[in-house]
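The report below describes a predicted model, beginning with its charged side-chain pairs and ending with the confidence of the prediction.

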Amino acid sequence: MTDLEFDACEASAVRAAPAVASTPLHRHAGRLQKALPPGWRVEVVDARSRPGRDDTAALRVLMPDE
């Protein structure tokens, strides 16, 4: 069997990665991300971070800064 060695920085990066639930909205965001030009981003905005809105999440498309 092969011994595996991990650097401390690699192991901490793995633990710090946020868990993303696979919801229909996240799957649609992934499809939209693939269709956009390079540099554009798609974010799923949680309803709790949108005060004064309905209790639904939304997709946000961000264009590059350049």
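The structure holds two salt bridges, a salt bridge being a side-chain nitrogen of Lys or Arg within 4 Å of a carboxyl oxygen of Asp or Glu. Because this is a predicted model, local features need pLDDT of at least 70 and side-chain atom pairs count only at pLDDT 80 or more, while totals for chains, interfaces and linings use all residues. Residues are numbered from 1 along each chain as its sequence is written, and side-chain values use heavy atoms, with hydrogens and water left out.

| Salt bridge | Closest N to O distance |
|---|---|
| Arg41 and Glu43 | 3.1 Å |
| Glu43 and Arg60 | 3.4 Å |

In the pair of Glu43 and Arg60, Glu43 belongs to strand S1 (residues 41-45) and Arg60 to strand S2 (residues 58-62), so the salt bridge ties together parts that are 17 residues apart in sequence. Through shared partners, the salt bridges join Arg41, Glu43 and Arg60 into one network. Each member of this network is partly exposed, a class that lies between buried (under 20% relative accessible area) and exposed (over 50%), with a 1.4 Å probe and protein chains only: Arg41 has a relative accessible area of 46%, Glu43 has 27% and Arg60 has 39%. As a general point, side chains of opposite charge can pair when their charged atoms come close.

The protein has two helices and two strands, where helices (H or I, at least four residues) and strands (E, at least two) are DSSP runs numbered from the N terminus. Along the sequence these elements follow the pattern α-α-β-β. Buried residues make up 8% of the 66 residues, and the protein exposes about 6,000 Å², of which carbon and sulfur atoms supply 55%; these areas come from the Shrake-Rupley method with a 1.4 Å probe, and for residues only the protein chains shown count as cover.

Two residues of the loop between helix H2 (24-35) and S1 deserve a description, namely Trp40 and Leu36. Trp40 is partly exposed, at 27% relative accessibility, and, leaving aside its neighbours within four places in sequence, it is in contact (heavy atoms within 4.5 Å) with Gln33, Val61, Leu62, Met63 and Pro64. Of these partners, Val61 is 21 residues from Trp40 in sequence, with a C-alpha to C-alpha distance of 7.1 Å. Leu36, with neighbours within four places again left aside, is in contact with Val42 and Val61; the C-alpha atoms of Leu36 and Val61 are 9.3 Å apart, across 25 residues of sequence. Among contacts in the protein between residues at least 6 apart in sequence, 21% join residues at least 24 apart.

Confidence is described by pLDDT, the predictor's confidence in each residue, from 0 to 100. The protein averages a pLDDT of 74, and 55% of the residues score at least 70. The mean is lowest in helix H1 (residues 8-16), at 45, and highest in H2, at 93. Over residues 10-17 pLDDT stays under 50, and for this stretch the model has zero contacts beyond four places in sequence. Where pLDDT is low, the predicted coordinates should not be read in detail.
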